[in-house]
Each structure stands twice: as C-alpha cells, then as structure tokens.
Amino acid sequence: VSLKRGNVANGLRPVGPTVPEFNLATAARVGGVVVAFSIVLTAAAMSGHRGLATLAVFATAIAVGEIMWMAVDEDIALPTSFAMFPVVAVAAGAGAFAATVTVGSIVGVMLVATRTYNRAVTIMERLLAAAVAFAAFHIVLGAFVHRNAVGPMIVALAASELGIFVVDECVRAMRGQRSSLEARQGLLAWLALGSSGVLMALGYRGTDGHGAYGLSGVALFATPLIAAVYSFERLHAITRISRQTIDALAAAPELGGLSTIGHAQRVATTTSDISRILGLSHAQIDALDTAARLHHLGVVTLPADAIATSSYEDVAEMTGEMLRGIDALAAARAIIEGDTGLPSAVLRVANKYDHITGGNDRRGVMAVAALRSGADDVYDVVVVEALARVVARRVELQTV
Amino acid sequence: MPAVIRVADVPGGGVGRRRWADDRRTNCFVTDFPPDLRWFATSVSAVALALVFALAFRGPLPPLAPLVIFVVLEVCSEHGAVPLPSGTLITPGFIVAMASIVVFREHGALLGPLIVGLASGLYLPHLRRRTWRWALLNAGIAGCATLAAALAYEVVPSSVVAHWPLSLVAALPSAAAFVLVESGLLCASYALDKARPFGEVAGELLRVSWQIGAFAFLGLFLGRLYLDVGATALVLFVVPILVAREMFVTHLQVRQRYEATLDVLIRTLETKDRYTAGHVRRVARYACYIGEELGFGTARLERLRYAALMHDIGKLAVPGHLLNKPGRLTADEYARVRQHEAVSFEMLSCIEFLRDIASCACSDHTLFEPGSDRPIEPYIVAVADAYDAMTSTRSYRRALPQSVAFTELRAQAGTQFDPECVHALIRVLQRRNEVHGLGYEPSRVEWPEAPTAGVGSAGLGDLYHFGERFGELSESAGA
C-alpha cells in the first residue's frame with residue numbers, strides 16, 4: 001500500500017486568488033513588521049520628530065492591515081488597511097499621506113504569502129484607493145462651512161470610505177472577479193471597515209477642538225474592528241474545513257477504485273462551464289459544483305457485482321440516500337436526485353459527456369452528437385446546446 | 001453586562017461566563033425559584049428600586065435624551081450577547097454602563113447609571129415567559145453593580161478625569177467595584193440556587209472577570225467620545241461589534257452543519273461495516289481524554305477529535321461485501337480491506353488542517369518510534385483505537401475485561417504504543433471511574449450469521465494488531 005501524498009486526482013479546489021490564510025507564518029510576518037517599525041518609531045521619537053513617529057505607526061497599521069484580511073468568500077477578501085486610509089487622510093498632508101500609504105502598502109503586500117497574488121497590481125490598486133480616499137475626504141469637507149463640526153467631518157470620512165469601496169469594486173470588475181457585495185458577508189465586512197475607519201479618524205482628530213485622542217484613540221477604536229476580523233477569520237476557517245471535507249469525500253470512489261480517476265473533477269468543470277453559459281445564479285452554480293463532486297459517491301454503497309451494471313439513476317439514488325439529513329448539502333442532494341429541473345439536467349448531461357469522452361475532449365464533438373441523437377436516453381436540448389458551445393470552445397483552445 | 005450568568009463548564013474549554021437562567025439552546029429554562037433565592041431576589045430588587053426613588057428625590061435628574069439612548073443600548077447589548085467560538089457568551093453591556101457613568105458624571109451621576117443598569121433586566125425571553133423574578137433579580141444585581149461603579153467614578157478627582165490619557169486609570173476603580181458587587185450578588189444567588197459553597201463559586205467567577213477591565217476602558221472612552229462627538233459615535237462603535245456577532249453566529253451554524261455532515265458519514269460507515277457500531281465515536285472520545293490529559297489546547301483538541309472521527313473514513317471506499325464477509329478473507333481480499341487505511345490517509349490529506357496528522361488513519365505509521373519528531377496525534381488515536389477494539393463486544397466475540405486491556409496496553413507501551421499516551425488514558429479512565437470491557441458493554445446486537453473470528457477476518461478490521469494475541473488474551477482472562 002503506497003502512501004504517497006497527492007495521489008488524489010480529484011484534488012483540492014483551487015484556493016481563491018485573494019484569500020491568504022491567517023496562520024502562524026502570517027502572525028510571524030505581522031510581528032516582524034511591528035518590530036521593524038518600532039525601531040523606526042523609537043529612532044524618530046528620540047530625535048524629536050513626533051510627527052514622523054506618528055506616521056511610522058500609521059504605516060505599520062497599514063502594513064499589518066494589508067496582511068490581515070477579512071475573508072468574505074473563497075475568492076473575495078478585503079484588507080483591513082482600507083479602514084486606515086481615512087485616518088491617515090485626517091492626520092497628514094498630501095505629501096506625508098502619500099509617503100505613509102506607499103511605504104505601508106508596499107511592505108504589507110510584499111509580505112503576503114500567496115502565490116496567485118499579483119503584487120505590483122495590488123500595490124497600484126491600494127495606492128489608487130488611497131488617493132481617491134484622500135481626495136474624496138478633502139473635496140467633501142471643503143464643501144462645508146464649519147469644517148470642524150461633527151456632521152461635516154463624518155460625512156467627509158464616509159465619502160472617503162465610499163471612494164475606497166468604489167475603487168475596489170471597479171478593480172474587481174476589471175479583473176473579471178465577482179462583486180464583493182454578492183456574498184452577504186461582503187456588505188457586513190464593508191460596514192465594519194467603514195464604520196471603524198470613520199470612528200478611528202474621529203478618535204484621532206476630534207471635532208471642534210474636543211476629543212482629539214491621537215494614537216491612543218485609534219488603538220482603542222480599532223478593537224471592534226479586530227473583533228470583526230477575528231470573527232471573519234473563524235468563519236472562513238470552518239467554511240474551508242467543511243468544503244475540503246466534502247472534496248475529500250468526493251475523492252472516496254476514485255481512491256477505492258470504484259470510479260475512473262478524475263471523473264468527479266471533470267464533471268464539475270463541465271457543469272460550471274455549462275451553467276455559466278446558461279446564466280444560472282451564483283447559489284445554483286455553487287450547489288451544482290458540490291453536486292458534481294459528490295454525484296458518484298453513492299457507488300461506495302453498491303454491492304461489488306452491481307457496480308458495473310448500475311445506471312446513473314441507481315448511483316444518484318444511493319448518493320441521495322447517503323446525503324439525507326445533511327442540511328449543508330440539501331441543495332446539492334436535490335440536484336443529484338433530479339428534483340431541480342435545469343441544474344439536474346446539467347449534471348446528467350455533464351456526467352454522460354464524461355462517460356463518453358473519458359476525459360478526452362477530442363471525442364467531444366462525437367459525444368455531443370450522441371447526446372443530441374438521444375440514442376439511449378433523452379437529454380435536455382437547451383443543456384446539450386450549451387454543452388456544444390463549451391465543447392466548441394475547448395476544441396478551439398486545443399487547436400490554438 | 002452579564003446579568004445573571006452561569007458558572008458552567010464550557011465544552012472543550014475552561015470556565016466561561018454564561019447566562020444562567022436562559023439557555024435557549026438546551027431549553028432548560030429554570031422556572032422554579034427556591035424559597036431562599038426568592039427572598040434574596042426580592043430584597044435585592046427592592047433595594048435597587050428604593051435607591052432609584054431616593055436618588056430621584058435628592059436630584060439632580062439625568063438629562064432625558066442620553067438616558068433614553070443608553071437605556072436602549074443597554075437593552076440591545078443584553079440581547080446581543082456574542083457567542084465566542086469557545087462556546088462562551090459575552091455581553092458587551094458593561095461597556096454601555098461604563099459609558100453612561102462617564103456621560104452622567106456632571107448631571108445625575110448616580111441615578112442615570114442606576115437606571116441604565118436596571119434596564120438590563122428587560123430581557124425579552126424573561127418577559128415573554130413571564131419569569132418576572134428572574135427579570136427582577138437580573139435588574140437588581142446589574143443596577144446595584146452599576147451604581148457601585150458610578151460611586152467609584154464619582155470619587156475620582158476632576159483633575160484626573162480631565163487629563164488624557166491619565167483619565168483611563170479612572171476606569172479601574174469602577175471596574176473593580178462593578179466586579180466585586182456583581183460577583184458577590186451573583187455568587188450569593190448561585191449558591192442559594194444550586195446549594196454550592198459561596199467561596200467556590202466566587203473563585204470560579206472571579207477568574208473569568210478580567211474581561212470587565214478591558215470593557216471598562218472601552219466604555220470610558222466611548223463615554224468621552226459621546227460627550228465630544230455625540231450619539232453618532234456610539235452607532236459607529238456598535239456596528240462592527242454587531243457584524244462580529246453575526247459572523248460568530250454564522251460560524252456556529254456552519255460548524256453545526258459540519259458536525260451533522262460528519263455524523264451522517266459515520267452513520268453510513270457503520271451501516272457499511274456493521275461490526276463496528278459506535279467504534280468511531282468512542283475512539284474520538286478516548287482520544288480527546290488523552291489529549292486533554294496531555295494538556296492540549298482547545299484548537300488542538302478539536303483537530304484531534306476530527307482526525308479520530310475520520311480515521312476510518314476510507315472504509316467508505318472498500319466494497320461492503322468484503323467488510324462484512326463471513327469467514328476468512330483471501331490474501332487479495334485482505335489487502336483490499338487494508339487499503340482503506342491508505343484511502344483514509346489520502347482523504348485526510350485533502351483537508352488542510354488535518355494534513356500534518358493524516359497518518360492517524362494508518363496503522364503502519366502509528367507504531368511508536370521513540371525519539372522521532374512525528375506529531376503525537378497518530379499515537380493517541382492508535383492507543384484509543386486499540387483500547388476500544390479490546391473492550392468492545394462484537395457479534396462474534398466478547399470484549400476483554402478492562403484490566404486485561406490495561407495490562408496489554410502497558411505491555412506494548414514503548415514498542416507498539418507511545419507510553420505517555422497509554423498512561424494518560426489509563427489515568428483518565430481511572431480518575432473518571434469509567435469501566436469498559438467485559439461486563440460493562442453497551443447492548444449487544446446479534447447477527448443472523450456470525451463470521452469466523454481470526455486473523456484476516458474483515459470483522460477484525462480494527463483489531464488486526466491483536467488478532468494473533470486475542471485468543472491467548474481471552475484465555476488468560478478466562479483463567
């Protein structure tokens with residue numbers, strides 16, 4: 001029995017491009033940043049540059065915030081440094097603001113340990129967001145007469161946070177990523193970031209000469225945000241574990257030699273391609289993806305002699321039986337059992353397609369023809385046509 | 001503020017502050033009030049109400065607008081208890097109370113905070129179930145404690161309060177006064193209700209009271225910000241906390257769903273391999289005993305538990321007819337059954353946080369090697385697995401007595417098993433007075449056709465280490 005790791009053909013889902021995990025290594029990085037900047041801070045404070053020392057603290061906070069993310073979804077995460085930009089905008093002039101934000105962002109981004117993370121682009125994005133935050137704050141504040149009053153200050157700071165949000169959404173759209181508001185947690189994360197940013201800035205500068213608490217204000221008012229970041233981190237961790245366990249389960253039939261290697265993974269890819277063309281909702285695509293990974297699981301409960309002769313429906317029924325009572329998988333189970341109309345049809349077609357081609361897309365055209373003819377079974381026309389487009393694109397990619 | 005809180009063992013963690021009277025999840029709402037406690041609750045709430053009238057009569061009255069705002073905030077924070085991943089509930093009520101103490105310092109310094117404190121008794125589930133006594137007791141305790149904190153803050157000289165950041169220190173006497181009064185009254189009511197010694201309860205409660213100090217700083221700061229900036233600051237402060245609460249609640253839901261998923265899987269596993277019903281769960285329990293004894297933290301214990309629960313998961317991929325085959329397996333079939341370990345290993349490796357300890361699933365890798373730097377978790381699972389294999393009754397054989405299982409574990413300690421784990425398990429079981437094995441088995445299930453026991457029988461899947469020795473062990477036990 002060989003025990004080499006990585007034999008699993010149906011491996012892990014690719015980790016989202018923008019969600020670094022918070023672990024011991026990250027903690028060490030955060031510690032490193034804090035130590036390095038404390039040295040700068042001490043030097044600045046000893047040589048009598050209080051202003052410089054404050055900026056060093058802000059740069060540290062931005063760098064740490066860049067490493068500590070609020071993970072909204074598998075591929076969406078917001079850096080907590082977004083909450084710091086308005087604080088620095090309140091505290092510093094244009095030159096000092098630019099310097100602080102640049103140093104903090106570069107240090108933070110360089111220390112994030114994620115392979116699929118384009119550092120240069122991310123730094124540009126942060127600097128753009130910071131510039132917009134700064135401009136929005138000063139333009140909106142400039143429109144008021146009593147610039148030190150509470151109301152104008154809060155409005156200007158809120159505008160600054162809104163600017164960051166708009167830049168982030170635009171960058172996301174340009175990169176072809178989903179909007180951060182698509183997941184429910186996205187809105188909550190922005191609310192926490194925004195209100196904490198405004199509160200920290202107010203605590204630093206005060207209004208009408210009252211309540212200017214300086215750095216201690218920023219530190220104290222960061223506590224609700226830290227609680228929020230921790231809560232997001234915990235939720236992300238358990239969601240990840242949960243998804244990976246489902247992936248591990250999906251691998252069971254292949255590892256036991258009861259199904260061809262990579263079948264579930266390929267069916268998942270095909271279903272997601274088809275469902276994009278059909279314009280299914282995000283929730284449906286998610287459920288369909290899980291259903292595709294698990295649709296073959298029931299084969300493990302079939303008697304050995306029945307496996308070869310079992311139909312798709314037999315296995316689906318066994319899988320449905322296995323998943324009964326798992327609330328988290330109820331949507332996927334409905335798809336597998338054929339209760340959901342279009343998503344179920346997509347899964348059936350993708351499964352049949354993989355059985356005919358055996359993973360070789362060169363046989364794709366032939367497979368589509370077989371599905372169209374409905375020689376042994378009738379398949380949903382709309383889904384088969386969508387599959388035809390998927391196949392055409394794959395063949396095109398292969399010949400290029 | 002944690003109004004009436006319960007000193008309870010939090011599963012997997014230390015002692016936590018928990019609501020006592022209201023346990024919505026377990027639905028054990030206490031409606032009986034022991035006579036002593038009834039007397040106590042009446043007097044505490046009567047004193048608090050009398051103080052309200054006395055202070056109102058003396059004046060000055062606190063300004064109405066902030067009073068309404070803080071009362072509403074207090075009631076909200078009582079309902080918005082934050083469930084932490086450790087299982088502890090904390091309510092941010094004291095932050096609000098402390099802020100009100102700061103805000104009312106100039107006008108109605110005592111009456112304002114007292115009313116805010118009393119407001120925490122307005123707990124909806126109590127009102128809805130008409131458990132007025134609990135509401136009154138909560139209100140009385142919180143009111144008195146907040147009043148004590150306000151008194152402590154009034155004593156602080158104005159020069160200190162005006163100075164920043166020195167004024168932060170002013171929060172400490174208030175926090176201390178609050179903790180002392182609240183804990184004192186709580187312990188008294190808890191001792192009266194559960195008939196436990198006062199000192200013991202007080203010790204447990206004070207140990208978890210440190211968080212009040214941190215809350216006091218935040219509350220003081222929030223109060224000052226309210227004076228400087230206005231009520232908007234409170235909203236800005238509360239939003240991230242509410243978001244965190246929402247996330248923690250979702251976290252708990254996802255976790256429960258995950259546990260349910262594992263539950264279903266284990267059930268499937270047990271229907272497939274019918275000879276090992278309950279085995280996986282018992283192994284997980286013993287593994288956690290050992291982990292706790294070895295001083296594992298909450299997170300590490302949880303990881304160990306998941307690894308133990310899934311250590312046999314690969315059996316899902318082994319054809320059922322082999323697992324349940326009556327009679328001896330051929331060499332090929334036996335190899336096939338053994339393959340489940342490799343499959344379990346692969347599956348655990350898919351799960352990132354279990355990857356380091358995926359060898360829990362694999363008996364070749366759980367053989368003890370002195371001095372190796374491997375993680376200890378696989379050794380723990382091996383000991384738990386072996387202990388359960390020896391002490392559980394299967395349809396085709398009886399369990400061994402516990403003493404024989406202990407002797408066998410001790411004999412193999414250092415060669416097959418990690419001695420530390422063996423001794424930890426034996427220690428815990430003896431301390432907990434848990435006896436498993438012959439004469440203590442849970443109900444036995446009879447199967448229509450019993451398979452032949454012996455090496456290579458799939459029914460002995462988890463027992464193959466003992467396969468050869470099982471006969472002689474049983475004989476010596478019989479003798």
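**A helix pair and two buried residues in chain A**

In this predicted model, helices α10(A) and α15(A) meet through a set of residues on each side: H263(A), R266(A), V267(A), T270(A), T271(A), I274(A) and L278(A) come from α10(A), and their partners in α15(A) are L342(A), V346(A), L347(A), A350(A), N351(A), Y353(A), D354(A) and H355(A). Sorted by character, the residues of this contact comprise 8 nonpolar, 5 polar and 2 charged.

The geometry of the pair can be described next. Helix α10 of chain A covers residues 263-278 and helix α15 of chain A covers residues 342-357; their axes lie 9 Å apart and form an angle of about 135 degrees. The two helices, α10(A) and α15(A), are therefore oblique to each other. Their crossing is right-handed.

Two individual residues, each in another part of the chain, are also worth a visit. T60(A) is found in helix α2 of chain A, which spans residues 50-67. Because its relative accessibility is 11%, and buried means under 20%, T60(A) counts as buried. Apart from neighbours within four places in sequence, T60(A) touches V33(A), V34(A) and F37(A).

S81(A), in turn, sits in a loop of chain A, between β2 (76-79) and α3 (85-91). With a relative accessibility of 0%, S81(A) counts as buried too. Once neighbours within four places in sequence are set aside, the contacts of S81(A) are I62(A), G65(A), E66(A) and R126(A).

Technical notes:
Residues numbered from 1 in each chain as written. Chains lettered and ligands numbered in written order. Predicted model: local features only at pLDDT ≥ 70, side-chain atom pairs only at ≥ 80, totals over all residues. Heavy atoms only, no water. Axes fitted to C-alpha atoms, helices over the stretch in contact; angles between N-to-C directions. Helix = DSSP H or I, 4+ residues; strand = E, 2+ residues; numbered from the N terminus. Parallel < 35°, antiparallel > 145°, perpendicular 65-115°, else oblique. Left-handed = near helix turned anticlockwise from the far one by under 90°. Contact = heavy atoms within 4.5 Å. Nonpolar A, V, L, I, M, F, W, Y, C, P; charged D, E, K, R; others polar. Buried < 20%, exposed > 50% of the residue type's maximum accessible area, 1.4 Å probe, protein only.
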